[in-house]
Amino acid sequence: MAGARSRNFEGWPLFANSFRPFFLFAAIQAAVSILVWLPMFYGELSVTSAFAPRDWHVHEMLYGFLPAVITGFLFTAIPNWTGRLPIQGTSLGALLVVWLAGRIAVMLSADTGWVFALLVDAAFLALVVAAAAREIVAGGNWRNLPVVALVLVLLAGNIAFHLETHFEGTADIGIRVGIGVVVLLIALIGGRIIPSFTRNWLVKFNPGRLPVPFGRFDGAVIGCSALALISWIVAPLNAVTGVAMALVGVLHLVRLARWAGDRTFRERLLLILHVGYFFVPLGFILHALAAFGALLPSAGIHAWMAGAAGTMTLAVMTRASLGHTGQALTASPATQGIYVAIIVTALARIAAVVLPAHSGALLHIAACGWVVAFLGFAIAFGPLLAGSRRRALAIMGVPVPAR
């Protein structure tokens with residue numbers, strides 16, 4: 001892996017690193033979107049979007065919130081992969097403005113028109129793909145091109161989402177394409193960082209059995225996952241899809257067991273990565289049950305989105321925010337509270353599908369947990385990301401060193 005180059009940055013610290021603005025604004029958008037969505041779901045609020053309420057909610061989670069987190073992670077990791085200079089300052093600010101413009105364009109698309117919303121919204125991921133590909137190719141880091149290729153497919157899914165909602169009235173394929181890409185990104189990136197971070201911590205603090213590093217087995221699991229997800233995108237309730245989903249779910253459980261997550265209970269900052277990844281095989285297994293009529297398909301979708309995506313994004317956001325600002329890699333009480341909130345969210349959202357008689361209360365629990373988790377991240381980590389280290393440590397309950 002190439003070592004990252006750096007340069008002195010004299011502007012606002014918020015724009016010194018890609019993770020700072022994108023993690024912060026993604027967290028705020030995630031919380032606000034759910035605060036808006038719940039009254040929309042009950043018909044108490046409407047927005048001036050050309051999307052139907054459900055499609056607006058799905059789009060802003062899948063193609064609004066998650067691409068921002070992916071961008072923050074990607075452009076923080078790429079300098080480490082390639083040894084090239086990071087995107088900072090004006091360029092980073094411009095990229096953030098394009099993302100924000102996409103959120104506004106989608107919200108007002110009933111007035112501005114669906115074509116305008118599509119162009120503005122798709123511009124963000126197009127710029128991300130172009131910039132990431134340029135950096136990886138220039139740095140000769142061919143190993144990580146598959147990550148960029150998946151983001152390119154995410155862009156295609158976003159375009160398909162806009163086209164479907166206009167011509168068909170609601171999104172279908174565009175939703176499954178986006179979810180499939182997110183699951184594969186978690187499988188690919190999680191499969192690299194979870195065993196690596198776990199090994200580093202265990203060697204220092206809990207010697208003994210170590211995780212198995214990324215190898216041929218992991219590559220085979222990701223390949224099988226891609227095939228199963230393609231089958232799911234094309235025919236989600238087909239029996240062949242159900243069998244494939246069940247088999248891949250078991251493979252991911254085996255993969256997770258190889259990472260020694262049971263030995264990380266002393267450090268919640270590490271344990272949450274293993275917990276978050278557990279929702280990947282759970283989603284596959286729930287989709288297998290749905291294919292055979294035992295459950296509604298939304299159970300598996302929420303295992304992947306509220307569970308895997310929600311938990312893994314917060315796990316990565318908290319760890320990267322601490323590590324890249326020079327803080328100790330340990331979970332403060334506030335950080336642990338964020339983790340509890342997102343786990344409660346995921347379990348409640350899945351349970352709302354499995355237990356329809358209690359869905360109303362469970363939906364409110366899930367929504368509240370999601371808002372607490374992401375707004376909690378924005379409050380606890382926002383000062384740190386914006387450059388106020390002392391204030392951030394005080395909020396998180398970490399002793400503040402004397403000046």
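This report walks through three helix pairs and one cavity in a predicted model.

**How the helix pairs are arranged**

Let's begin with the geometry, set out pair by pair.

| Helix pair | Axis angle | Axis separation |
|---|---|---|
| H3 (residues 89-107) and H5 (residues 114-138) | about 150° | 8 Å apart |
| H5 and H6 (residues 145-167) | roughly 175° | within 9 Å |
| H11 and H13 (residues 359-386) | roughly 15° | within 11 Å |

**H3 with H5**

Angles over 145 degrees count as roughly antiparallel, and H3 and H5 are therefore roughly antiparallel to each other. H3 passes H5 in a left-handed crossing. If you would like to find this contact on screen, the H3 side includes Leu95, Val98, Trp99 and Arg103, while the H5 side includes Phe116, Val120, Asp121 and Phe124. Sorted by class, the residues where H3 meets H5 are 13 nonpolar, 1 polar and 2 charged.

**H5 with H6**

H5 also packs against H6, with axes that cross at roughly 175°. That angle makes H5 roughly antiparallel to H6. On H5, the residues that meet H6 include Trp114, Leu118, Leu125, Val129 and Ile136. Their partners on H6 include Leu145, Val151, Leu155, Asn158, His162 and Phe167. This contact has 20 nonpolar, 3 polar and 1 charged residues. Asp121 of H5 is worth a look, as Asp121 is listed in the contact with H3 and in the contact with H6.

**H11 with H13**

Here the axes cross at roughly 15°, which makes H11 roughly parallel to H13. The crossing of these two helices is left-handed. From H11, the contact draws on Ala306, Gly310, Thr313, Leu314, Met317, Thr318, Ser321 and Leu322. H13 contributes Trp370, Ala373, Phe374, Phe377, Phe381, Leu384 and Leu385. By class, there are 11 nonpolar and 4 polar residues where H11 meets H13, and no charged ones.

**The cavity**

Now for the space inside the protein. The structure has 1 cavity of 30 Å³ or more, and the largest cavity holds about 280 Å³ of space. Its lining is made up of 14 residues, and those closest to the centre are Ile70, Leu185, Ile186, Ile189 and Thr313. Three elements each give two or more residues to this lining: H2 (53-82), H7 (173-205) and H11 (298-323).

Which helix gives the most to the lining? H7 does, with 6 residues. The lining of the largest cavity has 12 nonpolar residues and 2 polar ones, with no charged residues.

H11 links this part of the report with the helix pairs: H11 gives residues to the cavity lining and also packs with H13. Thr313 is a handy residue to select when you inspect both places, since Thr313 is among the residues closest to the cavity centre and is one of the H11 residues that make the contact with H13.

Note on methods
Residues are numbered from 1 along each chain as its sequence is written. This is a predicted model: local features need pLDDT of at least 70, side-chain atom pairs count only at pLDDT 80 or more; totals for chains, interfaces and linings use all residues. Side-chain values use heavy atoms; hydrogens and water are left out. On a 1 Å grid over the protein atoms alone, a cavity is a set of points where a 1.4 Å probe fits but cannot get out, and a pocket is an open set with protein on both sides within 12 Å along at least five of seven lines; lining residues have an atom within 4 Å of a point. Grid points are joined across faces, edges and corners, and a volume is the space filled by probe spheres set on the points. Helices (H or I, at least four residues) and strands (E, at least two) are DSSP runs, numbered from the N terminus. Ala, Val, Leu, Ile, Met, Phe, Trp, Tyr, Cys and Pro count as nonpolar, Asp, Glu, Lys and Arg as charged, and the others, Gly among them, as polar. Axes are lines fitted to C-alpha atoms, for helices over the stretch in contact, and angles run from 0 to 180 degrees between N-to-C directions. Angles under 35 degrees count as roughly parallel, over 145 as roughly antiparallel, 65 to 115 as roughly perpendicular and the rest as oblique. A crossing is left-handed if the near helix is turned anticlockwise from the far one by less than a right angle, and right-handed if clockwise. Contact means heavy atoms within 4.5 Å.
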